[in-house]
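Colleague: Please take one part of this model and go through it slowly, for a reader who is new to protein structure. I should like to look closely at one place where two helices from two chains meet.

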Amino acid sequence: MSRAANEGPWWLAPGPERCPACGRPYHEEAGYWCCICDRPVCPLCVILVLEPAAAYCPECHERESD
Amino acid sequence: MPEPRRRGDDAAEPEPRPGPGAPRAFWSGTIAFGLVSIPVDLFVATRSGGLPLHQVTAAGTRLRRRYFCSKEERMLDPDEIERGREVEPGRFITVSDEELDALAPEKSREIDLRRFVPEAQIDPLFYERAYFLVPSQGPTKAYRLLARTLQETGRAGIATFVMRGKEYLVAILGAGGVLRAQTLRFADEVRRPADIGLPRPPEQIDERCSRALRKALEQLAADDLDRGLLADRDRQRLSALVEDKRSHGADLIRPDGDDDDAGEDTDLDETDDSGEVVDLMAALKQGLEDDEASGGPAPAAPAADDLAGESKSRLYERARDLDIAGRSRMSKDELADAIRQHR
Amino acid sequence: MAARAMWKGIIRLGGERVPVKLYAAVQDRGVHFRLLHRSDHAPVRQALVDPGSGRVVPYGDALRAARTGDGDLVLLHDDELAATDPEPSRDIRVLCALSPAAVDHRWYLRPYYLGPDGAPGRYFALADALARSGQIGLARWVMRKKTYVGALRLHAGYPMLMALRNADQVVPLEDLDVPPPPRLDARELDMARQLVDMLAEDFDPRDYHDSHRERIEDLIETKRRGGRVRHAPAPPRKPAEDLARALEASLKRGRPDA
């Protein structure tokens, strides 16, 4: 599932999922799920922690950091 | 006239369907049961919903979303971006689509139905996303046969396949003469009650409470699912606000000229849902039109009519008069197509 | 190891109140990749740019607007948007009771377990009531400034809330009128039926495994160690020429090992 004619790779193309943080339509498989609120988050908005490995949406990460 | 797709060389590449504004399939491949092969396109049956909000300047120009390098602090083109993972702090391993697609080429283009299970046995806990299937080329007899058999037996065909770099467990269902797919979660993708730490049931149940609850359920019994209960109330309130402001002319901006041409070089597009459902229906109808004689999907209507020579702004005006939804987001060809469909 | 509750609510059914805790039921096992700038592997973010000046506008400074049917824009201020947020509440109101089959598979979005929040007696009474009525509840609640509708139903004897999609998130396939099929050959229908019967089984999710994840992990590991990866493309599978013959051959072949 690689490059389509004029849209670029699928993981940058718009898809049926919508990022609650930025509102951008994207493909779920390109993104993550927030480990706190269980909402989807697109790969441009996600905040990743390496150790222990976890993905956060911007809202929950801000809340956790307080 | 679209060229027949050559299967086998481009693994699972979803090629753009013929005609402007036509929906793109999510995945193309074959459904196999026994030695019967049915070439199909998968279309997603769900959408993100919600009222799209745009970020704008005070003048009403839509702000463009661009990719941004956090280190160099500059804009990026899509082809400067790749995917990868941080394996150690500061060390990244990148992967290309070609490498990933090559990992499971068979699984990426075939849904091989090995088992048929009673549909009612699939717990909704496992449901992920729904799709519908359109026969992608040639005779639809095998497609119809499978749809009918699944419907009549009340069974779903189960298989695993790879789509967008992820392996999915999938149930193929027949309903109303059409094949649908429902991706399912794997057993280890779902927590069990013990994993959550839910307590074990007690010896005695609070009978009074149970009885009261059961009585309430009986009183609330309905035969069918009322779609009205599933309306997006948050969106409705937002739409009401927008409509209220529009009717008072409050904060109303009429963007000048071709705001939409700029949309063509946007890196991060917005999709307009409203025209899409019509396209999906059309795609399904077209795919199911039996055409064993021609052996291929019906060609898109030729554009040799009064709209062919029109300028984009003129087409936009016509679309506005016809109240065609989503027109401000359409290209010239899409506008012409939409006007034709309206006739 | 006990999971952390995401939210606390109170099921309101009839006159009864059942305090519950919500837990995410999905466990993400997927392989994820981040977006990186090719040249320096810096993470890629997004920025809002004013197309006129070419300048970046911070998200906080951008105005939000909605499009009207005419293609015009209505500016929406933050306080106005906040005013449209649903009223915060801990109530999970059961609106109606349905047979499980009334909710088609397309509606299901995301499952959550319910656990007791104190009052275990009422919690297990709820489980008991759901089990004995055989019905599912349709419930509405507000969580994190968003309205949810879900199916209140049992899984493995425990109550769950399965969040459902909104009406405009599901393509109304039933509204479609499908062109009628050509007459299907009775013999082919019969063979198809036999084939399905031959491969019939009960559904056990534990029978199926995601092997693709491992392949991706292996790929990453190989690349990490500096190795090369090579794959031969699989031969293409041609669509069957003759349906009847393919059905016959399938039946003759018998049941393959799944």
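Where α4(B) passes α2(C), is the crossing left-handed or right-handed?

Modeller: The model is predicted, so local features need pLDDT of at least 70 and side-chain atom pairs count only at pLDDT 80 or more, while totals for chains, interfaces and linings use all residues. Residues are numbered from 1 along each chain as its sequence is written, and chains are lettered from A and ligands numbered from 1 in the order in which they are written.

The crossing of α4(B) with α2(C) is right-handed; that is, the near helix is turned clockwise from the far one by less than a right angle, anticlockwise being left-handed. Helices here are DSSP runs of H or I with at least four residues, and strands are runs of E with at least two, numbered from the N terminus. Helix α4 covers residues 207-219 of chain B, and its axis lies 8 Å from that of α2(C), at an angle of about 45°. Axes are lines fitted to C-alpha atoms, for helices over the stretch in contact, and angles between N-to-C directions run from 0 to 180 degrees. The two helices are therefore oblique to each other, since angles under 35 degrees count as roughly parallel, over 145 as roughly antiparallel, 65 to 115 as roughly perpendicular, and the rest as oblique.

From α4(B), the contact uses Cys209(B), Ser210(B), Leu213(B), Arg214(B) and Leu217(B), and the residues of α2(C) include Gly121(C), Ala125(C), Leu126(C) and Ala129(C). Two residues are in contact if their C-beta atoms, placed from the backbone, lie within 7 Å. By class, this contact has six nonpolar, three polar and four charged residues. Ala, Val, Leu, Ile, Met, Phe, Trp, Tyr, Cys and Pro count as nonpolar, Asp, Glu, Lys and Arg as charged, and the others, Gly among them, as polar.

This helix pair belongs to a wider meeting of the chains. In total, 139 residues of chain C are in contact with 146 residues of chain B. Helix α2 (residues 120-133) gives the largest share of the side of chain C that touches chain B, ten residues. That side of chain C divides into 82 nonpolar, 26 polar and 31 charged residues.

Strands also link the two chains. Strand β6 (residues 81-88) of chain B runs antiparallel to strand β3 (residues 34-37) of chain C, and four bridges join them. Two strands pair if DSSP finds at least two bridges between them. Gly84(B) has Arg34(C) as its bridge partner in β3(C).

A further open sheet has four strands in the order β3(B)-β6(C)-β7(C)-β14(B), with antiparallel pairing. Its edge strands, β3 (53-56) and β14 (252-253) of chain B, each pair on one side only. Four bridges join β3(B) to β6 (residues 63-67) of chain C, and Leu63(C) is the bridge partner of Val56(B) in β6(C). Helix α5 (residues 233-247) of chain B packs on this sheet, touching β14 of chain B and β6 and β7 (73-76) of chain C.

Within chain C, another helix pair offers a contrast. The axes of α3 (residues 186-198) and α5 (residues 243-253) come within 10 Å and cross at roughly 30°, and α3(C) and α5(C) are therefore roughly parallel to each other. α3(C) passes α5(C) in a left-handed crossing.
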